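Grab a coffee and work through these exercises with the model open beside you. Each one sets a task and then walks through a solution.

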Amino acid sequence: MALAEETGSLSGWLWRHEPPAAERPATIDLDYWNQHPTSTASTALSRALKKRGWTFVGPTTMYAFMQAVGMVNDHMSGCICRPVIEAARADFVRPA
């Protein structure tokens, strides 16, 4: 509730941790998946939430969360879902 009061919504606060486009790889393959169970952004989100007393919010869990809500698109290059997700990300209006 404190985060929502500070920023207007929990969603708005969380989306502030979306990784910048420059940090997203152009190509995603099995090697990338195996070597990147976390990201700089998921580690930062994890630390920020832990500072506020949240639990079960480690970097790997936060990376999975970021994948689930569309903050990152880790569909393999060539996957038929990848361009659909990218189009949805482009149309998404990030919370203020």
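**Exercise 1. Decide whether Ser46 is buried or exposed, and work out what surrounds it.**

Step 1: sort out the ground rules. This is a predicted model, so local features need pLDDT of at least 70 and side-chain atom pairs count only at pLDDT 80 or more, while totals for chains, interfaces and linings use all residues. Residues are numbered from 1 along each chain as its sequence is written, and side-chain values use heavy atoms, with hydrogens and water left out.

Step 2: check the accessibility. Ser46 has a relative accessible area of 2%, so it is buried. The cut-offs are under 20% for buried, over 50% for exposed and in between for partly exposed, with a 1.4 Å probe and protein chains only.

Step 3: place Ser46 in the fold. Ser46 sits in helix H4, residues 40–51. Helices here are DSSP runs of H or I with at least four residues, strands are runs of E with at least two, and both are numbered from the N terminus.

Step 4: list the contacts (heavy atoms within 4.5 Å). Setting aside neighbours within four places in sequence, Ser46 touches Val57, Gly58, Pro59 and Met62. Thr27, by contrast, is 19 residues from Ser46 in sequence and 25 Å from it in space, C-alpha to C-alpha.

**Exercise 2. Find what Glu18 pairs with, and trace the network it belongs to.**

Step 1: define the search. A salt bridge puts a side-chain nitrogen of Lys or Arg within 4 Å of a carboxyl oxygen of Asp or Glu. The whole structure yields 5 of them.

Step 2: start with Arg89. Its side chain meets that of Glu18 in a salt bridge at 2.9 Å, N to O. That pair links distant parts of the chain, 71 residues apart: Arg89 is in helix H6 (residues 81–91), and Glu18 is in the loop between helix H2 (10–15) and helix H3 (30–35). Both ends are tucked away: Arg89 is buried at 7% relative accessibility, and Glu18 is buried at 17%.

Step 3: move on to Arg94. Arg94 also forms a salt bridge with Glu18, at 2.8 Å from N to O. Arg94 belongs to the segment after H6 and Glu18 to the loop between H2 and H3, so this pair ties together parts 76 residues apart in sequence. Arg94 is partly exposed, with a relative accessible area of 30%.

Step 4: go back to Arg89 for another partner. Glu86 forms a salt bridge with Arg89, and their closest N and O atoms are 3.8 Å apart. Glu86 and Arg89 are separated by about one helical turn, because they are 3 residues apart in helix H6. Glu86 is partly exposed at 32%.

Step 5: join the dots. Glu18, Arg24, Glu86, Arg89 and Arg94 are linked in one network of salt bridges.

**Exercise 3. Locate the residues that UniProt marks with the feature "binding site", and describe their exposure.**

Step 1: read the record. The unreviewed UniProt entry puts this feature at His75 and Cys79. UniProt positions are in the numbering used here, feature names are shortened, and annotations may be inferred rather than shown by experiment.

Step 2: find His75. His75 is in the loop between helix H5 (59–68) and H6, and is partly exposed at 30% relative accessibility. Beyond its neighbours within four places in sequence, His75 contacts Ile28, Cys81, Arg82 and Ile85.

Step 3: find Cys79. Cys79 is likewise in the loop between H5 and H6, and at 26% relative accessibility Cys79 is partly exposed.

**Exercise 4. Say what stands out about the backbone of Phe56.**

Step 1: recall the background. Most residues other than glycine have a negative phi.

Step 2: check the angle. Phe56 has a positive phi of about 55 degrees, and it isn't a glycine.

Step 3: add the setting. Phe56 is in the loop between H4 and H5, and it is exposed, with a relative accessible area of 72%.

**Exercise 5. Sum up the protein chain as a whole.**

Step 1: count the elements. The protein chain has 6 helices and 0 strands, giving the pattern α-α-α-α-α-α along the sequence.

Step 2: get the dimensions. Its C-alpha trace spans about 40 × 30 × 20 Å along the principal axes.

Step 3: look at burial and contacts. Of its 96 residues, 31% count as buried. Among contacts with a separation of 6 or more, 58% come from residues 24 or more positions apart.
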